[in-house]
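The report below goes from the chain as a whole to a few of its parts. Please keep the picture in view while reading.

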Amino acid sequence: MTSVGPLLVTFFFYFMVMLFVGLKAYRNTVNLDDYILGGRKLHPLLVALSVGASDMSGWLLLGLPGAIYLSGLSEIWIGVGLFFGAYCNWRFISKRLRVYSETANNSLTLPDFFENRFNDSTRSLRIISATVILLFFTFYTASGLVGGAILFESSFGLSYINALIIGAFFIVAYTFIGGFIAVVWTDAIQSLLMLLALIAVPVAVVSSTGGGSEFIHQVELVKPGAMNAFSNLSLAAFISLLGWGFGYFGQPHILTRFMSVKHPGKLLNAKRVAMLWMAIVLLGSVYSGLAGIVYFTDSPLSNPETVFIALNQSLFNPWIAGIITAAILSAIMSTVDSQLLVSSSVISEDFYRVFVRPDATDKELLLVSRLAVMVIAIVALFIASDREARVLDLVSYAWAGFGAAFGPVIIFSLFLRYMTGLAAMLGMLSGSVTVVVWANLTGGLFDLYEIVPGFIVGSIVVLGVSKANPQTSKGVLAQFDDSMRIANRL
């Protein structure tokens, strides 16, 4: 059997497992609450693993190793910023959001939460936040489809477009069938595959070079300065890389996982599992990029983002390579499925049920959600059809958009008692507009990653507007006090 044979067998087995999980989840998906949020009955440890997988995405196995391979250890600060941001998100946001989203009229989506949190009768918050989600998630989903296409193209010699379509088909299939429960279970499985891959590949390379110190010596020999975390790093670049951590507070596909937990009081244990997993995979990803510097000295890669794929195919026999290749696909699928689901829930819950058919049945809303998954995937396919699109570029734009638009609003809505709906709306708009404008300007200060100015502007607007015109509604203030009392008691 050729090397492609084992890859096909492992891929087929992997897809069958994912589809089986999707079908099992389908049997447990009775209504829209189940499809969108799993009925708020998921185990915290399951959520912890699924958060990691949906968070890291193909960026972990394609974008970050590629950046390290190209520029050396100076790119590690992305990982440092992300780790700190993720910790703060688990520590300060997860439990409060889980409790508050249920207290606020059992909010199922972020737009739903914003409207109920501030008792917004104009529905402006719902419309603006839902539009932001659809806009930036379309780019985010496209990044995952690009990653899938790169993987299929490299593994099977397919054309880019064919690889893109095949990858999209399999991702859409189980998301369409099983909804949130399928996405969480498959993501948890995928997180373990990713963990295995990011331990196996760097260990194999470091061992083959004679151990840690010899490996570092060889990296420096091939690319002088590669082991210097501050090599050729300007202040703007340093702040930009650390600034990735701001993004966590505004990512809908991560925040909705917090909202789905059955026991909010057990989120502390989930945090420990999530952070341990994240520390291991980030180190593995960084070492994989460094390993590529050593391993491909004589035959540099034309596309740096294929370094992990190339290492896998060069180091292991076809069967092991097939399993690790499935892990790469896992990283990609685990984020795309989450994004498709959040986007479809926005269409069904925040647009269709609110503005089109308020009396729609659960069966009708489930159908709308599933159709929305297909429509969003098609639009993302169109964006991803650009062969020159890089995974890291698409991810960074969407990550900044969400971080700046929703991050300040989420944080202050959970901690600032007198915050108003107007402050939330203007903070959302100012943050997202800053990102869009900043991303299209270059030179000097504008070389700073757009999430940093976007997050700062959004925060200033939220604080300024709330202070100038504080919340006076007794109902809104009482709901805030009740939510915080429950959260503090757990």
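For a chain of 490 residues, a compact globule would have a radius of gyration near 23 Å, and because the chain in this predicted model has 22 Å, the two values agree. The C-alpha trace, followed along its principal axes, spans about 70 × 50 × 40 Å. The secondary structure consists of 18 helices, and the number of strands is zero.

Burial and contacts add to this picture of the whole chain. Of the 490 residues, 61% are buried, and the area that the chain exposes comes to about 18500 Å², with carbon and sulfur atoms supplying 66% of it. When contacts between residues at least 6 apart in sequence are considered, 85% of them join residues that are at least 24 apart. As for charge, the chain carries 28 positive and 27 negative charges, and the mean positions of these two groups are 13 Å apart.

Helix α16, which covers residues 421-439, can be looked at in more detail. With its 19 residues, α16 reaches 27 Å from its first C-alpha to its last, close to the 27 Å expected at 1.5 Å a residue. Several residues of α16 are buried, among them Gly421, Ala423, Ala424, Gly427, Gly431 and Trp438.

Two residues in other helices can be set side by side. Is Ala468 buried or exposed? Ala468, whose place is in helix α17 (residues 451-468), counts as exposed because its relative accessibility is 66%, and the cut-off for exposed is over 50%. Val201, which lies in helix α7 (residues 160-208), is buried, since its relative accessible area is 0% and buried means under 20%.

Each of these residues can also be paired with a residue elsewhere in the sequence, as the table shows.

| Pair | Separation along the chain | C-alpha to C-alpha distance |
|---|---|---|
| Ala468 and Ala423 | 45 residues | 9.7 Å |
| Val201 and Ser155 | 46 residues | 17 Å |

The pair of Ala468 and Ala423 links back to helix α16, where Ala423 is one of the buried residues. Which residues does Val201 touch, not counting residues up to four places away in sequence? With those neighbours set aside, Val201 touches Ser288, Phe308, Leu311, Leu315, Phe316 and Ile324.

Notes:
Residues numbered from 1 in each chain as written. Predicted model: local features only at pLDDT ≥ 70, side-chain atom pairs only at ≥ 80, totals over all residues. Heavy atoms only, no water. Helix = DSSP H or I, 4+ residues; strand = E, 2+ residues; numbered from the N terminus. Rg over C-alpha atoms; globule rule 2.2 N^0.38 Å. Buried < 20%, exposed > 50% of the residue type's maximum accessible area, 1.4 Å probe, protein only. Contact = heavy atoms within 4.5 Å. Areas by Shrake-Rupley, 256 points an atom, 1.4 Å probe, with all protein chains shown as cover. Lys, Arg positive; Asp, Glu negative; His and termini not counted. Charge placed at Lys NZ, Arg CZ, Asp CG, Glu CD. Expected span 1.5 Å × (residues − 1).
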